[in-house]
Amino acid sequence: MTIRKVNIQDIEKLKEIGKLTFAETFSSENSEEDMREYLEEGFSTEKLKTELTDKNAEFFFAELDDKVIGYLKVNFGQSQTELKDENALEIERIYVLKEFHGKKVGQILYDKAIELAKEKSADYVWLGVWEQNPRAIRFYEKNGFVAFDKHLFKLGNDEQTDIMMKLNLNKKVSS
């Protein structure tokens with residue numbers, strides 16, 4: 001398996017893996033209408049083009065035999081969705097195809113995010129995870145993250161609660 005940075009030429013592959021993994025992860029718990037609206041807006045060519053050309057956002061693919069099996073999106077500085085702390089890195093997305101769950105792909109993408117945070121001398125890493133996604137919450141807790149707040153996430157017309165979690169990288173920083 002290889003991890004590589006996504007570039008603008010990969011936009012169709014990114015759109016495909018983004019929609020597919022999001023749908024696999026959340027379709028069973030959400031209405032078809034809300035899912036369709038979110039997937040169309042969240043993975044539109046325009047939105048992905050903007051994100052891919054943003055110097056404060058980076059995507060990485062996990063590839064196996066030239067097939068994209070998962071991806072990571074991280075944000076820095078003003079591109080963070082919420083905190084916008086110059087000393088932080090946000091993991092906005094780690095998604096892996098269902099058939100590869102439990103095969104360490106998510107952990108490898110996560111490790112890449114931590115490596116990027118350390119390269120940028122971030123004091124901490126933060127993220128939002130849906131309160132009804134216990135698998136993801138356990139994954140982040142196992143990696144040392146602790147909940148510190150909540151925020152709303154809109155999926156179509158449905159307002160959902162995300163748990164905001166944080167991992168301090170610099171031992172001198174207080175929570």
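These legends accompany a set of close-up views of a predicted model.

**View 1. The whole chain under its record annotation.**
Before zooming in, it helps to have the full span in mind. The UniProt record, an unreviewed entry, carries the annotation "domain: N-acetyltransferase" for residues 1-170. Within residues 1-170, 35% is helix and 35% is strand. The C-alpha atoms at the two ends of this span lie 30 Å apart.

**View 2. Helix α2 and its two sides.**
Helix α2 runs through residues 32-42, and its buried members are Asp 34, Met 35, Tyr 38, Leu 39 and Gly 42. Looking down the axis of α2, you would find these buried residues within an arc of 125°, so they line one face of the helix. An α-helix has 3.6 residues a turn, so residues three or four places apart point the same way. Turn to the other side of α2 and you meet Glu 32, Glu 40 and Glu 41, which are exposed. The buried residues of α2 have plenty of partners: they pack against the helices α1 (11-26) and α3 (45-52) and against the strands β4 (88-96), β6 (146-155) and β7 (158-168).

**View 3. The second largest pocket, with α2 in its lining.**
Staying with α2, this view shows a pocket with a volume of about 170 Å³. Which element gives the most to the lining of this second largest pocket? It is α2, with four residues. At least two lining residues also come from each of α3, β4 and β6. Among the lining residues are Glu 37, Tyr 38, Glu 41 and Gly 42, along with Lys 47, Glu 51, Glu 92 and Arg 93. Phe 153, Lys 154, Leu 155 and Gly 156 are also part of the lining. By class, the lining of the second largest pocket has seven charged, three nonpolar and two polar residues.

**View 4. Asn 157 in the loop between β6 and β7.**
Here we look at Asn 157, which sits in the loop that joins β6 to β7. Its relative accessibility is 53%, so Asn 157 counts as exposed. Setting aside neighbours within four places in sequence, Asn 157 is in contact with Glu 33, Asp 34 and Glu 37. Gly 102 makes a handy distance marker: Asn 157 and Gly 102 are 55 residues apart in sequence, and their C-alpha atoms are 32 Å apart in space.

**View 5. The largest pocket.**
This pocket holds about 1,100 Å³ of space. Its lining is made up of 46 residues, and those nearest the centre are Ile 94, Tyr 95, Asn 133, Ala 136 and Tyr 140. Two or more lining residues come from each of α1, β4, α4, β5 (124-130), α5 (134-142), β6 and β7. Sorted by class, the lining of the largest pocket has 21 nonpolar, 13 charged and twelve polar residues.

**View 6. Helix α5 and the residue Gly 144.**
In α5, the residues Ala 136, Ile 137, Phe 139 and Tyr 140 are buried. Seen along the axis of α5, the buried residues fall within an arc of 160°, so they line one face of the helix. Arg 138 and Lys 142, on the other side of α5, are exposed. The packing partners of the buried α5 residues are β4, α4, β5 and β7. Beyond α5 comes Gly 144, with a positive phi near 95°.

**View 7. Gln 107 in helix α4.**
Is Gln 107 buried or exposed? With a relative accessibility of 17%, Gln 107 counts as buried, because buried means under 20%. Gln 107 belongs to helix α4, which covers residues 105-119. Apart from neighbours within four places in sequence, Gln 107 is in contact with Phe 139, Lys 142 and Asn 143.

**View 8. Two loop residues with positive phi.**
Asp 65 is not a glycine, although its phi is positive, at about 50°. You will find Asp 65 in the loop between β2 (57-64) and β3 (67-76), and its 73% relative accessibility makes it count as exposed. Ser 121, also not a glycine, has a positive phi of about 55°. Ser 121 lies in the loop between α4 and β5, and at 55% relative accessibility Ser 121 counts as exposed. Ser 121 and Arg 36 are 85 residues apart in sequence, with 38 Å between their C-alpha atoms.

How values were computed: Residues numbered from 1 in each chain as written. Predicted model: local features only at pLDDT ≥ 70, side-chain atom pairs only at ≥ 80, totals over all residues. Heavy atoms only, no water. Buried < 20%, exposed > 50% of the residue type's maximum accessible area, 1.4 Å probe, protein only. Arc of directions from axis to C-beta. Contact = heavy atoms within 4.5 Å. UniProt positions renumbered as here; feature names shortened; annotations may be inferred. 1 Å grid on protein atoms, 1.4 Å probe; cavity = no way out; pocket = protein on both sides within 12 Å on 5 of 7 lines; lining within 4 Å. Points joined across faces, edges and corners; volume = space filled by probe spheres on them. Nonpolar A, V, L, I, M, F, W, Y, C, P; charged D, E, K, R; others polar.
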